[in-house]
Amino acid sequence: MSTVKITPSTASLATSIKHLAGIQLPRLQNTIFTSNSTKFRAPRRAFTVSMAASLDTPFEVCVKQSITTPNKLGDCPFTQRVLLTLEEKHLPYDMKFVDLSNKPDWFLKISPEGKVPLIKLDEKWVPDSDVITQALEEKFPEPPLTTPPEKASIGSKIFPKFVAFLKSKDPTDGTEQALLDELTTFNDYLKENGPFINGNEVSAADLSLGPKLYHLEIALGHYKNWSIPDSLSYVKSYMKSIFSRESFINTRALKEDVIEGWRPKVMG
């Protein structure tokens with residue numbers, strides 16, 4: 001099993017360790033998962049802490065497997081949202097790679113709809129990134145990632161506008177302008193309230209929007225030779241800040257996977 005160790009600072013983990021002391025996390029056996037003749041070994045993302053308490057029992061998370069590179073994470077922004085939450089809360093996890101084009105029986109047994117992300121919490125498999133991230137916030141409230149309700153939907157219209165523009169084959173249908181309007185609204189919000197959606201600290205809303213903006217940047221750049229205008233400087237700065245976080249670097253999909261992942265929608 002491929003293992004990556006992360007050692008967060010003592011200061012950033014002190015509150016989390018205090019809260020988590022004595023909590024029994026789900027136990028995972030190192031496993032190789034097989035779909036027909038292909039074997040996948042789930043890599044472990046873990047960390048070590050030179051303190052009295054140490055968290056080293058990972059959560060099991062079913063994720064999309066890369067379609068371009070063996071044993072790599074695939075291009076699902078909703079899965080990255082869950083992984084970002086685990087990373088930001090300093091919780092260890094093991095990824096179970098799933099070939100979504102040839103879903104193995106073991107996966108369909110625990111996910112009848114055949115969708116990712118899927119995480120094992122309290123011995124139950126839980127689907128849906130909204131449900132998963134909320135459950136993690138409730139179970140592990142430190143460090144807090146909750147976005148105030150009045151700010152939770154900030155930037156949420158950008159992703160559907162991006163998809164509409166990406167799929168559009170008519171340059172006069174208004175989809176580009178609709179996306180620019182949403183990005184401009186977000187830029188104005190960040191100018192007055194940033195640098196992040198909830199001010200100075202990253203919150204759940206950023207962990208949801210960040211992966212979608214990553215897909216936007218790569219897919220529109222590749223398929224339409226389009227990029228966010230320099231005039232939207234607060235959006236560009238926001239993306240740079242989110243994309244450069246260690247948690248994001250650890251959980252981002254390969255550029256090639258993002259391109260191939262959107263190809264059927266662009267060409268369809």
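Trainee: Where in α10 does the kink lie?

Mentor: This is a predicted model; local features need pLDDT of at least 70, side-chain atom pairs count only at pLDDT 80 or more, and totals for chains, interfaces and linings use all residues. Residues are numbered from 1 along each chain as its sequence is written, and side-chain values use heavy atoms, with hydrogens and water left out. A bend is the angle between axes fitted to the seven residues ending at a residue and the seven starting there. In α10 it is about 25 degrees, shortly before the proline P264, at G261.

Trainee: Which residues of α10 are buried, and what do they pack against?

Mentor: Buried means under 20% relative accessible area (1.4 Å probe, protein chains only). D257, V258, I259, W262 and V266 qualify. Contact means heavy atoms within 4.5 Å. By that test, they pack against α5 and α7.

Trainee: Why do the buried residues of α5 lie on the same side?

Mentor: Helices are DSSP runs (H or I, at least four residues), numbered from the N terminus. In α5, I158, F159, F162, V163, F165 and L166 are buried. Taking directions from the helix axis to the C-beta atoms, they share a side because they cover an arc of only 165 degrees.

Trainee: Which element gives the largest share of the largest nonpolar core?

Mentor: A nonpolar core is a set of buried Ala, Val, Leu, Ile, Met, Phe, Trp, Tyr and Cys residues joined through side-chain atoms within 4.5 Å. The largest has 41 residues, with F162 and W262 among those with the most contacts inside it. α5, α6, α7, α8 and α10 each give two or more residues. The largest share, 10 residues, comes from α7.

Conventions. Buried means under 20% relative accessible area, exposed over 50%, partly exposed in between (1.4 Å probe, protein chains only).
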